[in-house]
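Work through the exercises below with the model open. Try each task before reading its solution.

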Amino acid sequence: MDNITHFAEQYEKIRTEIAKEMIGQEDVVEHLLLAVVAGGNVLLEGVPGLGKTHLVRVLSKVLDLPFSRIQFTPDLMPADITGTNILVRTEEGSSFRFQKGPLFASIVLADEINRATPKTQAALLEAMQEHSVTVAGETMRLPEPYFVLATQNPVEQEGTYPLPEAQLDRFLFKVLVPFPTLQELGGIMDLTLGAQAQAQAPVEPALKEPALKEPALKRTALGADDLLEMRNAAKQVPVADSVRESALKLVLATHPETPDAPEIARKYLRFGASPRAAQAILSTARVRALEQGRFNVAYDDIRFVAPACLRHRLALNFAAVTEGREMESIVAQLVNDYVK
Amino acid sequence: MNELLKALGPVRSRLRLRRFVSGAGWGFVGGALAALILLAVTSFVPLANRWWIAGACIAGGTLLAAASNALRPVSPLEAARAADACGLRERAVTALELAETAAQLQAPHPTATDRKEAPHPTATGRPETASVAPAPQAGVSRPEADITLLQRRDACERLQALDARQIRPAFPKRRLLAGALLLVLCAATLLLPGGGDRAVAARQALETKTAAMAKAAEEAEKADEAGLTEKEKAELRKLTADLKRDLTASRDEADALVAVDKAEQQLQKLRQEQAQEKTAGDAMSAMNALSRAMQSAGMDAAADALAEALASGDAAAMSKALSDLSAEDLQKLSESLTGEAKALAEAMARTAQQGELSEARMQALQQAANAQQSATSQSAAQSAASQTASAQSAASQSAAARQAAALQQALAGMKASLGAGQSQQSASQASMSGAGAGSGNNPGQSGGGAGAGSTNEEQKGGSGGQKSGGSKGTNPAEFKQTEYETIYDPEKVDVAARDVMTNQQSLGKDSVQIETGPGKGSLEGNVPVSQVVGEYAEQEVKAAESANLTREQKQWVDEYFRKLTEE
């Protein structure tokens, strides 16, 4: 019972520690924490310089988990991330030894994931879904907890390889990182440049912020075991039939081919969300319920997590593109219609 | 579970109140709709007190719907949802479902369903544990999961802290607006041209009148009943009873008029029968008196012949017995009658002094005495005997006559009343339709003038007729002979009418065939009465046969047209 009653307290501790290093982006942090506690992968989408990479680094430090960063490039090969067998010569002779790649960490930052080729992107699938890596016929388990936090730039599309739907579906959330507000921007400046330097130095792109000043975390909030306990506690949170039904109906409503599909889905969607979307909604809603101090899932929880669960699992059709409809507005309307 | 249900108690009470208000709104709309339909229908189908019934529909519908809606049981799930809507964030619903699941699992019935969620894989591919802790076999008691206990405790605390007054009865604005609109439409039914109210008012007036008539007939029946014979009493009672029954059963004034007319005919027949009986009785009495006088005069043979004829009731034999009297016999009879007259005069004088006889009888006796004193012939004797007998029966017949007269007077009053009402109704209808047709020609009735040009001398001179409509020259002082010689009828072709083209057909390039026919008369022109009176009389006969008119009225109309035709 302790893990349940202390859940909100521990959650708040993580958030507080992250807030020390992240100015603004509360919504992004909230979604990221929900996904991490629920045990899912997150795709962060935003223009460069918004602190996506920094956020992941801070999270790894707060959770005191092994962290690795992979900068995805077009020439990145699968073996570069999974690891490979290398020939090792010792006094006893030569032998092959598996050299673990950067995937072998609890928190993997896949920076600009859409810059890698599909072949390399596909190498992530097993790690994301099965939490294992298979090299040369040998399957190796990845450490728990394990999550892949990927970033991508929505603006610069040249030389990129859009993620296939199968891989997108493996991400629990797709979180949109917005540009900070004026106050948040000022806070970032204070944090990275210092109050005195802010008056003298010109405004630098946020890309360079880690290089200018690397804030040092003094202590971690909780460890891997605490995180796994929180995950188990969240899984026990009951969901009322009506609430669960609304989540399932929402997922079904995204399918334009179903007879009961709403008009907006039939008109603007090419295909709908997979059952993983329903799983993602319910699992993250449970985490949010406990985080809010409740022992049951509410409609509010579904409303909060549903857009992040659905936006990358749906595809707009030609009519939506030509009419200028955005995924966000369509998902918002579906959520409003089906989650009462 | 009980703790949860107890905590939901105030919420359920508030939900009942909300349902009451909601039901009242629906009931108001339904009642107003029913009232509208009722009022619309009864605008054409007369119904007494229809506005009261419509009001009762609205009030009754509102109360009934409100009560029935409020008395429906409020399920715990519904109460839990309402509580969650007040900011409990599905705590109550979840707690209730968990409690029901636990109750089902602990129930002894093996058929209880296990409602726990089936394990399903997570996004990471590993199966997720059930949302509710795994349940053992149904019917086996098991400790509840920690999260369940925590959730229920949390829900109960929140429910107890909840101010149930947050669940406010929603004011049904739309329904009230719809009901108000329907009420306006109800009021608008007054504009419908059905005339239901007028018919109801007429029926009520008729009921009032018929009740008054029945009462008058009853009073007439009781008047001086003591002087009647049993047979007369029975006949009069039957007549008044029939009249009351017919009046009560009458649906309109025409029915009442027919009933009164029927009673009048029966009464007239009764009076005729009484008169015939009286005449026969008078004759028999006179004959008996004459027979006694002949016996006292020593005319035994003639007296025997007369007595024999009287006994047989043969009028011819009586006449023959009297005509066979010789001059000597007549002289004897005269002397005898003179003596009788003297005795009768003395008796009359005594009676007059005592005041025992009525004035009519005294007058009859005086006449008889005078006749007897001067009688020198058979007719004088017969006359005296007849008058004497008449005087003797006058006393006994006077009661029946008075009662019959009273009843006759009552019936006349009824007819006048009904005639007035019918005339008013006709006039009302005529004014509504604008046709200008009217009726009502009985004296004392309000008569309606016909349309333009339907003038006649008799209608104009009719006593008691009330002028209405557009008849010209109804005042005798304004009478002009020319107005009676012609009559306005634009449908009739008069000399002023000209032929008009009725059809045109082209026969070729320069040829056109035109058909002409008689045109209608000039609007200013009148048609001579002689040209149309025959047709009018035929129409009158057909109309009178189908109309609800009393025999007297039909006779009056027939007489009117007969006179017109004769002229």
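Two exercises follow, one on a pocket and one on backbone angles.

This is a predicted model, in which local features need pLDDT of at least 70, side-chain atom pairs count only at pLDDT 80 or more, and totals for chains, interfaces and linings use all residues. Residues are numbered from 1 along each chain as its sequence is written, chains are lettered from A in the order in which they are written, and side-chain values use heavy atoms, without hydrogens and water.

**Exercise 1.** Place the second largest pocket relative to domain 1 (2-226) and domain 2 (237-338) of chain A.

*Solution.*
1. Start with the lining: 27 residues, with Glu45(A), Gln152(A), Leu168(A), Lys174(A) and Arg311(A) nearest the centre.
2. Sort the lining by class: 13 nonpolar, 7 polar and 7 charged residues. Here Ala, Val, Leu, Ile, Met, Phe, Trp, Tyr, Cys and Pro are nonpolar, Asp, Glu, Lys and Arg charged, and the others, Gly among them, polar.
3. Check the domains, whose bounds come from an automatic or database assignment. Both give lining residues, so the pocket lies between them.

**Exercise 2.** Is His131(A) buried or exposed, and what is its phi? Do the phi step for Asn49(B) too.

*Solution.*
1. Phi of His131(A) is near 55°, positive in a residue other than glycine.
2. His131(A) has a relative accessible area of 1%, so it is buried (under 20%; exposed is over 50%, partly exposed in between; 1.4 Å probe, protein chains only).
3. Phi of Asn49(B) is also near 55°. At 47% relative accessibility, Asn49(B) is partly exposed.

How values were computed. On a 1 Å grid over the protein atoms alone, a cavity is a set of points where a 1.4 Å probe fits but cannot get out, and a pocket is an open set with protein on both sides within 12 Å along at least five of seven lines; lining residues have an atom within 4 Å of a point.
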